[in-house]
Amino acid sequence: MKRLRIYIITLCCLCYMACAEDKEIGEIAPLSPDYTLPQGKSPADDRIVELHSQYGTYILYEYSQLDFVYGFSTSYSYLYTLPDPQYVGDMLDLLDEVWLQFYPEEFLVKNLPYRVFMADTIYQVLSYMDRPIECAKTGDNSLAFGYMNADTKKKTAAEKLALKNTVQMLFFDLLQVRKAVSIPEEFYKISDYSTKASSDPNDDDYARKRGFVANPQYGNEWCTYVNWQTKTLLQSDDLTYFLANILCRTSTQWASDLTYPLVKEKYDILVSHFKKEYNIDLVKIGNKTY
């Protein structure tokens, strides 16, 4: 009997030790933050910390090239110079003016990019441009802003408008990549994507008559060529250019295009959907000038 008790006690001890070992092996050390805030060199550090606490977004003025291209499919396609941290506050004011003010708080909490990089200059490698760019999408969840320097708060109305249009288009690109917003199926049922459209207003296949609008950045009719793989027009291109037009063009600039019934129908679908589902006024964004 005594020997049996010893066996039972020994067995219990072994079980306890095994459980303890399992617990120790299964324990996972808490992950450390990707970045440490404040970075400690800007008078606006408190604002950056507050914004991170509010939205979970890291706004960075010191970072590495690896940070800058993290998750980007074409690594090292951008070069940059780090900014002077004393101008962070000016840039935050500008970003609120051209970007953040148009979105409800709840939407920003869910959808602001994880990283926002601030730079003095950003160059796209092998780009046709011979000057720095204002804003770049450097990953599936990050944006970068250039021109953060002594001239940030001196931007002209035209420069602010250009930045507003660029950042709004890139932000919506990120939202679509991350599937953060939905698009009504009705939008895609209006136009025929099976054949290319025409740039001739007198043609029955004219882009506007088919419900397509031009690329607002360059003015070209994207839909006059089919995709080389699918041999059709891409619905994703249609959505990208349609949204870009709403975000960048005023109601006055839209007036002639909206005389075409299919364009008007698709316009109304998108405007109504974003207002109803996300409380975002796309028309207000497009109408904003400085």
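Visitor: Which residue of β6 stands opposite G139?

Guide: The model shown here is a predicted one. In it, strand β6 (residues 142-145) runs antiparallel to β5, and four bridges join the two strands. Within β6, the residue that stands opposite G139 is S142.

Visitor: What angle does the direction of helix α4 make with that of β3?

Guide: Helix α4 covers residues 88-98 and packs on the sheet. There it touches β1, β3 (115-118) and β6. Between the direction of α4 and that of β3, the angle is about 125 degrees.

Visitor: What angle does the direction of α6 make with that of β5?

Guide: Helix α6 also packs on the sheet, where it touches β5 and β6. The direction of α6 makes an angle with that of β5 of about 20 degrees.

Visitor: Which strands stand at the edges of the sheet?

Guide: The sheet is open and its four strands, with mixed pairing, follow the order β1-β3-β6-β5. A strand at the edge has a single partner, so one of its sides is left without a neighbour in the sheet. From one strand to the next, the twist averages 20 degrees. The strands at the edges are β1 (58-60) and β5 (135-139).

Visitor: Where is T138 found, and how many Å separate its C-alpha atom from that of Y70?

Guide: T138 is found in strand β5. Its relative accessible area is 1%, so T138 is buried. Along the chain, T138 and Y70 are 68 residues apart, yet the separation of their C-alpha atoms is 7.7 Å.

Visitor: In β4, which residue is the bridge partner of T81?

Guide: Strand β2 (residues 78-81) has a covered face with Y78 and Y80, while L79 and T81 are on the uncovered one. Four bridges join β2 to strand β4 (residues 121-124), and the two run antiparallel. In β4, the bridge partner of T81 is T121.

Visitor: What distance in Å should helix α10 span?

Guide: Helix α10 takes in residues 261-278, which makes 18 residues. The expected span rests on 1.5 Å a residue, and the C-alpha atoms at the ends of the helix are 26 Å apart, which agrees. Just after α10, N279 takes a positive phi of about 55 degrees. The span expected for α10 is 26 Å.

Visitor: What covers the buried residues of α10?

Guide: The buried residues of α10 include V263, I269, L270, F274 and Y278. One of them, L270, touches I183, F187, L239, F242, L243, I246 and L282, leaving aside residues up to four places away in sequence. The cover of the buried residues includes α5 (105-111), α6 (157-177), α7 (185-188), α8 (235-248), α9 (251-254) and α11 (282-287).

Visitor: Which helix gives the most to the largest nonpolar core?

Guide: The largest nonpolar core has 65 residues. Those with the most contacts inside it are W99, Y103, F145, F187, F242, L270 and F274. With eight residues, the element that gives the most to this core is α6. Another core, of 14 residues, lies apart from it and has among its members Y80, F117, I122 and A136.

Visitor: Is K160 buried or exposed?

Guide: K160 lies in helix α6. Leaving aside residues up to four places away in sequence, it touches L94, E97, V98, K155 and Y290. Its relative accessible area is 18%, and buried means under 20%, so K160 is buried.

Visitor: How many residues apart in sequence are the parts that the pair of W99 and F145 ties together?

Guide: A search of the whole structure finds 25 aromatic pairs. W99 and F145 form one that is tilted, at 5.7 Å centre to centre and 35 degrees between the planes. W99 lies in the loop between α4 and α5 and F145 in strand β6, so the distance in sequence between the parts tied together is 46 residues.

Visitor: Why is the pair of Y103 and F171 edge-to-face?

Guide: The ring centres of Y103 and F171 are 5.2 Å apart, and their planes stand at 85 degrees. Planes over 60 degrees apart count as edge-to-face. The pair is therefore edge-to-face because its planes are at 85 degrees.

Methods. Residues are numbered from 1 along each chain as its sequence is written. This is a predicted model: local features need pLDDT of at least 70, side-chain atom pairs count only at pLDDT 80 or more; totals for chains, interfaces and linings use all residues. Side-chain values use heavy atoms; hydrogens and water are left out. The expected span of a helix is 1.5 Å times one less than its number of residues. Buried means under 20% relative accessible area, exposed over 50%, partly exposed in between (1.4 Å probe, protein chains only). Contact means heavy atoms within 4.5 Å. Two strands pair if DSSP finds at least two bridges between them. Axes are lines fitted to C-alpha atoms, for helices over the stretch in contact, and angles run from 0 to 180 degrees between N-to-C directions. A nonpolar core is a set of buried Ala, Val, Leu, Ile, Met, Phe, Trp, Tyr and Cys residues joined through side-chain atoms within 4.5 Å. Rings of Phe, Tyr and Trp (its six-membered ring) pair if their centres lie within 6.5 Å; planes under 30 degrees apart count as stacked, over 60 as edge-to-face and the rest as tilted.
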